[in-house]
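Please open the structure in your viewer and keep the sequence panel visible. The tour proceeds by selections, each followed by a short account of what is found there.

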Amino acid sequence: MTLAQLHSDAVDYPKSSTPVPLRKIPRLKFRRKPDWNQPETMNDSRSPDYYESQKAIGRLFREIKLPALDIVRRVNKTQRKKMHGEDDDLLVAQFGRMSLVRDDDPIDFAVHASVTQHIDADVDPGDRVRAFALFYRYTAELKTICASYTISYRRDAMLTEEEAVVGTIVARTSQPRHRQDMISKLRDQSDLQVKGVRNELVSEEDGLETKLAKAWALWRVTQEEREFMGARTLGLIALGVIFDTIEEIEQKKKGYN
């Protein structure tokens with residue numbers, strides 16, 4: 001009851017201008033706190049400042065496992081290694097190989113089967129060049145976003161591609177509110193990036209077959225360079241445009257029938 005009244009007085013301070021006297025605030029009965037009250041960056045049950053709570057909240061707290069932390073660390077390490085040789089490999093890819101549909105990939109095979117019902121499977125050279133230009137720009141922007149919205153203070157720290165597309169930050173922090181702010185900014189930037197790609201692929205001046213051809217060219221590029229950071233998420237955007245355009249084409253045909 002005392003704490004409730006003090007809280008009410010504190011909330012009324014902006015109107016009453018009467019602060020809560022510090023001497024009236026009850027002292028803690030015990031110096032040690034329950035383990036569920038630890039900062040997430042600590043997570044150490046052996047600390048003398050915390051004890052193992054036997055209440056339901058304490059038992060639930062200790063049952064929580066976060067395998068995503070270890071997964072993100074491994075992915076991040078692999079991601080940094082791959083980024084070192086990306087520029088030279090992309091240059092070779094742009095002027096070199098032009099792989100066909102992969103029979104070992106059921107998704108690629110299914111997309112190819114759907115697209116070829118409406119347009120030719122061969123990618124126009126001009127569409128391929130534009131797709132690579134979009135690929136370069138998207139991957140560069142994604143790396144900037146991942147480096148800008150990390151909450152780690154390491155010089156080489158950056159988010160993974162998975163964190164960027166999901167719109168979350170897995171790393172522990174002593175400032176949860178700061179992480180929420182960064183997550184909000186990350187989602188805003190990612191949303192703008194996705195809209196920018198879709199606007200470039202879906203022009204009002206283009207016919208449906210042209211839109212499909214441009215999205216198909218981008219999908220092929222992302223499949224050829226699927227090991228590069230940004231290829232998988234850009235592929236998802238291309239898939240979205242492909243599906244939407246195919247649906248429009250089919251509805252248009254039904255209307256004519």
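The stops below begin with the whole chain and then turn to single helices and residues.

**The whole chain**

Begin by displaying the entire chain, bearing in mind that this is a predicted model. Eleven helices and two strands make up its secondary structure. In sequence order, the elements follow the pattern α-α-β-β-α-α-α-α-α-α-α-α-α. Of the 257 residues, 33% count as buried. The accessible surface comes to about 17100 Å², and carbon and sulfur atoms provide 54% of that area. Among contacts with a separation of 6 or more, 62% are between residues 24 or more positions apart.

**Colouring by confidence**

Next, colour the chain by pLDDT. The average is 82, and 82% of the residues score at least 70. Where is confidence lowest, and where is it highest? Select helix 5 (residues 86-95) for the lowest value, a mean of 50, and then helix 1 (residues 2-11) for the highest, at 92. Now select residues 91-96, where the pLDDT is below 50. Beyond near neighbours in sequence, this stretch has eight contacts in the model.

**S17, in a loop**

Move to S17, which lies in the loop between helix 2 (13-16) and strand 1 (33-34). Its phi angle is near 60 degrees, a positive value in a residue other than glycine. Is S17 buried or exposed? The relative accessibility of S17 is 56%, and this residue therefore counts as exposed.

**Helix 9**

Select residues 176-201, which form helix 9. This helix has 26 residues and reaches 37 Å from its first C-alpha to its last, close to the 38 Å expected at 1.5 Å a residue. Show the side chains of R179, M182, I183, L186, S190, Q193, V197 and L201, which are buried.

**Helix 7 beside helix 9**

Keep helix 9 selected and add helix 7 (residues 125-148). The axes of helix 7 and helix 9 come within 10 Å and cross at roughly 175 degrees. How are the two helices oriented to each other? An angle over 145 degrees counts as roughly antiparallel, and helix 7 and helix 9 are therefore roughly antiparallel to each other. On the helix 7 side, the contact is made by L134, R137, Y138, E141, L142, I145 and S148. On the helix 9 side, the residues are M182, L186, Q189, S190, Q193, V197, E200 and L201.

**From helix 7 to the loop that follows**

Remain in helix 7 and select K143. Because its relative accessibility is 21%, K143 counts as partly exposed. Add M158: K143 and M158 are 15 residues apart in sequence, and their C-alpha atoms are 8.0 Å apart in space.

Then select T160, in the loop between helix 7 and helix 8 (161-166). With a relative accessibility of 1%, T160 counts as buried. A distance drawn from T160 to C146, C-alpha to C-alpha, gives 6.8 Å, although these residues are 14 apart in sequence.

**V241, in helix 11**

The last stop is V241, in helix 11 (residues 231-256). V241 counts as buried, because its relative accessibility is 1%. Which residues does V241 contact, leaving aside its neighbours within four places in sequence? Select R198, L201, V202 and A215, which are in contact with V241. The C-alpha atoms of V241 and R198 are separated by 7.2 Å, while the two residues are 43 apart along the chain.

Key:
Residues numbered from 1 in each chain as written. Predicted model: local features only at pLDDT ≥ 70, side-chain atom pairs only at ≥ 80, totals over all residues. Heavy atoms only, no water. Helix = DSSP H or I, 4+ residues; strand = E, 2+ residues; numbered from the N terminus. Expected span 1.5 Å × (residues − 1). Buried < 20%, exposed > 50% of the residue type's maximum accessible area, 1.4 Å probe, protein only. pLDDT = per-residue confidence, 0-100. Contact = heavy atoms within 4.5 Å. Areas by Shrake-Rupley, 256 points an atom, 1.4 Å probe, with all protein chains shown as cover. Axes fitted to C-alpha atoms, helices over the stretch in contact; angles between N-to-C directions. Parallel < 35°, antiparallel > 145°, perpendicular 65-115°, else oblique.
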